[in-house]
Amino acid sequence: MAAKKLRRTRLPQELCERLSRCQITTCQDFLCLSVLELMKVTGQNYYDVQKLLRKVSQACAPKMQTAYDMKLANSINPSSAFLPTTLSGLDGVLHGGVPCGSLTEVTSPPGCGKTQFCIMLSVLATLPVSMGGLDGAVIYIDTESAFSAERLIEMAGNRFPAYFDSDEKLLYVTQNVHLYRELTCGSVLKRIMSLEEEIISKRVKLIIIDSVASVVRKEFDTKLQGNLAERSNFLGKGASLLKYLAEEFSIPVILTNQITTSLSNSLATQADLVSPADDLSLSE
Amino acid sequence: MHRAVGSLPLAPALRTRLIAAGFQTAQELLETGPCGLSKEIGISKEEALEVLQLVRQECHGDSPKPAAASGTSRKCTALELLEEEQAQGYIITFCSALDNILGGGIQLTKITEVCGAPGVGKTQLCMQLAVDVQIPECFGGVAGEAVFIDTEGSFMVDRVADIATACVQHCQLIAEAHQEEDHLKALETFSLESILSHIYYFRCRDYVELLAQVYLLPDFLSEHSKVRLVVIDGIAFPFRHDFEDLSLRTRLLNGLAQQLIILANDHKSAVVLTNQMTTRIGQNQSTLVPALGESWGHAATVRLIFHWDNGQRLATLYKSPSQKESTIPYHITSHGFRDVQPPAVTPSAEDTEMNPRKRPRREEEQ
C-alpha cells in the first residue's frame with residue numbers, strides 16, 4: 001500500500017508528472033513531506049494541498065470495519081478460526097486452539113517438547129476439516145535441523161491409526177509438509193519474504209518456524225555495540241512480515257523460542273531469549 | 001486587513017510574484033481588484049479572482065468576532081475552561097485505583113500514552129476503554145463511540161465481546177439496585193451488539209497507512225460525531241524497524257502528535273496511544289525507557305507506564321499536569337481490567353464509584 005504509485009490514485013496527470021520530476025512517485029514519498037514542502041512542489045495553495053492530501057490518503061488508508069462485523073465474520077466460519085491442538089486442557093485455555101490469523105509463540109527450556117509439538121501440529125494441519133484439521137500444506141522452517149520425517153510418520157500412524165490405515169495417506173502427509181533448512185538470519189528473512197507466493201501455490205495452511213532464537217543467538221552477540229539495534233531490526237521485519245501473512249491468509253503461524261537467564265539484582269529469572277522489543281502477539 | 005502578503009496561504013510561485021511586484025498587505029490586493037491584479041502580475045483574470053477570494057476568506061477568518069468559536073483560535077478565560085472541564089466526563093477504566101490516580105479516569109481532549117513491556121496489559125486497557133466509552137450517561141459514562149486503530153494486530157474480537165458482556169452485566173446490576181426509568185431505558189440500547197457495532201476498527205500495516213488514516217480522521221470524526229475515543233494501539237511498532245532516517249521519523253511523529261492534539265480538541269475526544277519500551281544502555285547499566293526517543297515524550301499530556309514487579313502488574317502515573325506521581329497495582333481478569341481487591345460488595349459503594357454525579361441526589365433521599 002505504501003508503494004502505491006501516485007498515478008493510480010486518481011490525481012491529475014500533469015500533477016503526477018510534475019511530482020515525478022522531483023522524485024515523488026509513490027504515496028509514501030507524498031505523505032512523508034510536510035505541507036509547506038508539498039505547496040512548493042505542487043505549486044498550489046494551502047487548501048488545495050489539503051484536498052490532495054486527503055485524496056492520496058484515501059488511496060492508501062485501510063478500510064473500516066466495526067467490531068460487530070468482525071465478530072459476525074468469525075462466527076460464520078468457526079472452524080476456520082482455530083486449529084485445535086487435541087490437548088483438551090490447552091484447547092480450553094486457548095478458547096478453541098491455536099488461533100488463525102495471528103502469531104503464536106511456544107517457548108520452553110530445552111528438552112520440553114517444542115519440536116515435538118510442532119511436528120504434531122504439522123500432522124494435524126494436514127488432516128481433513130472433518131477431523132479437526134485444516135486440510136492444507138505446512139511450511140516448516142527448521143533452523144536447528146531437528147525435524148525428523150520418521151518421527152512425523154510415527155506420530156501420524158500412532159495417533160490416528162484408524163485414519164492412516166494405508167501407506168498412501170501417510171505419503172500424502174509427508175508430501176504436504178514442506179521443509180526448509182535455513183541456517184542464518186539473512187536466509188530466514190529471505191525465505192519469509194518469498195512465502196507469499198508459495199502459500200498460494202501450495203495451499204499452505206500453517207507456518208512453523210523452529211526456532212527463531214537459535215539463529216538470532218548464533219549471529220547477534222548482544223554484548224557488542226550496535227548488535228542490539230540490528231537484531232531488533234531483523235526481528236521487527238520478520239515479525240511484521242509474518243503478521244501480514246498470517247492475517248492476509250488467515251492461517252496460524254507458530255514460532256518457537258528458547259529460555260535464557262536474565263540476571264537482575266534480586267534473582268536470576270527465566271526470560272524468553274527474543275527480547276521484548278519484538279512484541280509478538282500471544283494468544284490468551 | 002493589514003496582513004502581510006507573504007503570510008497568505010497562496011501558491012508559492014504566485015506569492016513571490018506578488019511580493020516582487022511590490023504588494024505588501026492584503027488590503028492593497030483587495031483594493032486593486034481582479035482585472036488590475038491580472039494586468040500587473042501577468043496572470044489570467046480567473047486566477048486573479050481566485051487569489052482575491054482566498055484573501056477575503058483569510059481576512060474574515062482573522063477579524064475578531066466575540067461570539068465565534070472558530071476551530072483555529074479560541075480565546076476564553078480560565079474560569080470558562082474550569083467550568084468546561086468540570087462538566088466534561090471521564091472515561092472510567094473499571095479499575096478504581098487507576099481512575100483515582102488519573103483524577104477520575106481518562107480525560108477527554110487530552111492525549112494519554114500508555115507504555116509497557118509486551119504482555120503487561122496495554123491492549124487490554126485499550127479494549128476496556130473502547131467498551132467503557134460507550135457506557136450511557138446515567139451510569140456515569142460519556143455515551144460515545146470509539147475508533148480503534150491497530151498497527152500490531154493484537155485486537156481480539158472475542159476478548160472485546162467478553163469485556164463488553166461483563167460491562168453490560170455490571171450496568172444491569174446497578175439498574176436492578178436502583179429501579180429508575182432512565183437506567184432501564186438506557187439498558188435497552190446498551191447491549192453487546194450495539195457496543196461492538198460502535199467500535200470502528202482500522203488495521204494499519206505500516207506507517208504510511210497510519211499517516212494516511214490520521215489525515216482522514218478529522219473527516220471521519222465529523223461524520224461520526226459521537227466518537228469520544230480514538231485509540232492507536234502500537235504507535236511505536238511501524239516506526240521502530242526499517243527506518244534509517246531518524247530525522248524523518250522525528251518529523252513524522254511530531255506531525256502526527258500535532259494532528260492528534262488538534263483532533264482531540266476539536267472533537268472533544270480522548271486520544272489513547274500505546275508505546276513500547278526499549279532498552280537505554282547507560283554507562284554501566286541499562287534501563288527500560290519508553291520507545292521513540294526523548295522528543296516523543298512531549299507529545300502526550302498524560303503518561304502511564306505499566307510494569308511488572310514480582311508477578312504483580314503495576315501502573316505508574318509518570319507524567320500528568322494535574323495529578324501527582326503514584327503507582328497502583330491492577331489485575332486483568334476474564335472480565336477485563338480490574339482492581340486487585342474487588343470493590344465493596346454493597347451496591348451503594350459500587351454506585352459511588354460508577355456515578356459520582358448521582359451522589360448528591362442519593363444523599364438527599366437518605
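In the predicted model, helix α3 of chain A is followed by A:Gly43, a residue whose phi is positive, with a value near 70°. The helix that ends ahead of this glycine spans residues 35-42 of chain A, and helix α4 of chain A covers residues 46-60. The two helices pack with their axes 10 Å apart and at an angle of about 100°. Because angles from 65 to 115 degrees count as roughly perpendicular, α3(A) is described as roughly perpendicular to α4(A).

The contact between these helices can be followed residue by residue. From α3(A), the participants are A:Val35, A:Leu38, A:Met39 and A:Thr42, and they meet A:Tyr46, A:Val49, A:Leu52 and A:Leu53 of α4(A). When the residues of this contact are sorted by character, seven are nonpolar and one is polar, while no charged residue takes part.

Burial gives a second view of α3(A), in which A:Leu38, A:Met39, A:Val41 and A:Thr42 are the buried residues of the helix. Of these, A:Leu38, A:Met39 and A:Thr42 also appear in the contact with α4(A). The surroundings of the buried residues extend beyond that one partner: within chain A they pack against α1 (13-21), α2 (27-31) and α4, and in chain B they pack against α1 (12-20). The packing around the buried residues of α3(A) therefore involves helices of both chain A and chain B, where contact means heavy atoms within 4.5 Å.

At the level of the whole chain, chain A contains 13 helices and nine strands, and it is divided into domain 1, residues 6-60, and domain 2, residues 77-258. The C-alpha centres of these two domains of chain A lie 42 Å apart. Buried residues make up 47% of the 284 residues of chain A, and the chain exposes about 14400 Å², of which carbon and sulfur atoms supply 54%. Among contacts in chain A between residues at least 6 apart in sequence, 65% join residues that are at least 24 apart.

The corresponding description of chain B begins with 14 helices and 13 strands. Chain B has 366 residues, and 51% of them are buried. Its exposed area is about 17500 Å², with 51% supplied by carbon and sulfur atoms. For contacts in chain B with a separation of 6 or more, residues 24 or more positions apart account for 64%.

Definitions and conventions
Residues are numbered from 1 along each chain as its sequence is written. Chains are lettered from A and ligands numbered from 1 in the order in which they are written. This is a predicted model: local features need pLDDT of at least 70, side-chain atom pairs count only at pLDDT 80 or more; totals for chains, interfaces and linings use all residues. Side-chain values use heavy atoms; hydrogens and water are left out. Helices (H or I, at least four residues) and strands (E, at least two) are DSSP runs, numbered from the N terminus. Buried means under 20% relative accessible area, exposed over 50%, partly exposed in between (1.4 Å probe, protein chains only). Accessible areas come from the Shrake-Rupley method with a 1.4 Å probe; for residues, only the protein chains shown count as cover. Domain bounds come from an automatic or database domain assignment. Axes are lines fitted to C-alpha atoms, for helices over the stretch in contact, and angles run from 0 to 180 degrees between N-to-C directions. Angles under 35 degrees count as roughly parallel, over 145 as roughly antiparallel, 65 to 115 as roughly perpendicular and the rest as oblique. Ala, Val, Leu, Ile, Met, Phe, Trp, Tyr, Cys and Pro count as nonpolar, Asp, Glu, Lys and Arg as charged, and the others, Gly among them, as polar.
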